[in-house]
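Visitor: I am new to this structure and would like a close look at its pockets, with a word on the aromatic rings as well. Could you take me through them slowly?

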Amino acid sequence: MAWFKTKASPEDFGQAAFQMASESLSAEAARSLGTGFADYDARSDKVGFFEREGLSLDRQKLWFRLFSHCAVQACATQFDSQIARQVTRGAVEQGFANPAQGYDFASTYALYRSALDGTHQFDPRIRHLANPGSRTPFLARDDAGVLAAKVLIETFVFKHVRDPEPFINRFQNFSSIVGASIGTTYRAMSQLLQKVKMVS
C-alpha cells in the first residue's frame, strides 16, 4: 500500500531509476550509435572504435548523456509536467558524476518536449522519417522513440558525425534501438514506483 512506500523527491526518483537502467542504456546507446557505421562490431572496443571514427571520448560521453536524457524524459511524460522535468533533471544531473561537454539540460528538455508536443520543426533531411514498427504504447505518445531518434540525429549526429547519411538510411534500425531504451527505462521506473512514493 502507498503509505508503506519509501518517500523520495522527484529528483531522487529520477536518479534511482536511471541507476537501475544505466547498464542497459549504456549498451543500447553504443548499439544505436553503431548503426551509423557499417563495420561496427558490438563485441569490439567500442570507445576505441568510435574514436577512430572521429568521436572523441568527450563526444561519446555527450552521446550517452543525450541518449539517456531522451529515454528518461520520454518515460517521465507519465507524470505531470513539473514532476516530469524534476525526474528528468535528477536522472541526468545526479545520475552522472561529471558534466558532459556540450550538454545543456534546459535546451535539450525544451527541444524534446516541443517534439513530443508536435510543435518542433525538424530538419528537412529527417522530417519525413518514420518507423511504424517501433511503438511505445505505454506512453501517451506511442511514437516517442521515433521522435527521440530524430532529436538525437538533429542534436548530435548532424553536429558531430562525419557522415550522417547512414543514420537516415538505417533509421528504422536506429530508432528501434532508441525505442527499446525507452522501454528499458519505463520498466525501471515501474519497478521503482512499486516501492517508492514521490513527494515534492
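Guide: What follows is a walk through the two pockets and then the aromatic rings. Please keep in mind throughout that this is a predicted model.

We can begin with the largest pocket, which holds about 440 Å³ of space and has a lining of 21 residues. If you want to find the centre of this pocket on the screen, look for Ser 26, Leu 57, Gln 60, Lys 61 and Phe 64, since these are the lining residues that lie nearest to that centre. Three helices each supply at least two residues of the lining, namely helix 1 (10-34), helix 2 (46-52) and helix 3 (57-76), and of the contributors it is helix 3 that gives the most, with seven residues. In chemical character the lining of the largest pocket divides into 13 nonpolar residues, four polar ones and four charged ones.

The second largest pocket holds about 210 Å³ of space, and its lining can be named in full: Gln 73, Thr 77, Phe 79, Asp 80, Ser 81, Ala 84, Tyr 109, Arg 113, Leu 116, Asp 117, Ala 140 and Arg 141. The elements that give two or more residues to this lining are helix 4 (81-94) and helix 5 (105-117), with helix 5 giving the most, at four residues. Sorted by character, the lining of the second largest pocket consists of five nonpolar, three polar and four charged residues. Tyr 109, one of the lining residues here, also has a charged group set against its ring, for Arg 85 lies over the face of Tyr 109 at 5.0 Å from the ring centre. A similar arrangement can be found where Arg 65 lies over the face of Phe 96, at 3.9 Å from the ring centre.

Turning to the rings themselves, the structure holds 16 aromatic pairs. One of them joins Trp 63 and Phe 174 in a tilted arrangement, with 6.2 Å from centre to centre and 35° between the planes. This pair links distant parts of the chain, as Trp 63 belongs to helix 3 while Phe 174 belongs to helix 8 (residues 171-193), and the two are 111 residues apart. Both Trp 63 and Phe 174 are buried. The two residues also belong to a cluster linked by ring pairs, in which they are joined by Phe 37, Tyr 40, Phe 49, Phe 50, Phe 67, Phe 156 and Phe 167. Helix 3 is therefore a useful place to return to on the screen, being the element that gives the most to the lining of the largest pocket and the one that carries Trp 63.

Notes:
Residues numbered from 1 in each chain as written. Predicted model: local features only at pLDDT ≥ 70, side-chain atom pairs only at ≥ 80, totals over all residues. Heavy atoms only, no water. 1 Å grid on protein atoms, 1.4 Å probe; cavity = no way out; pocket = protein on both sides within 12 Å on 5 of 7 lines; lining within 4 Å. Points joined across faces, edges and corners; volume = space filled by probe spheres on them. Nonpolar A, V, L, I, M, F, W, Y, C, P; charged D, E, K, R; others polar. Phe/Tyr/Trp six-rings, centres within 6.5 Å; stacked < 30°, edge-to-face > 60°. Buried < 20%, exposed > 50% of the residue type's maximum accessible area, 1.4 Å probe, protein only. Lys NZ or Arg CZ within 6 Å of the ring centre and 35° of its normal.
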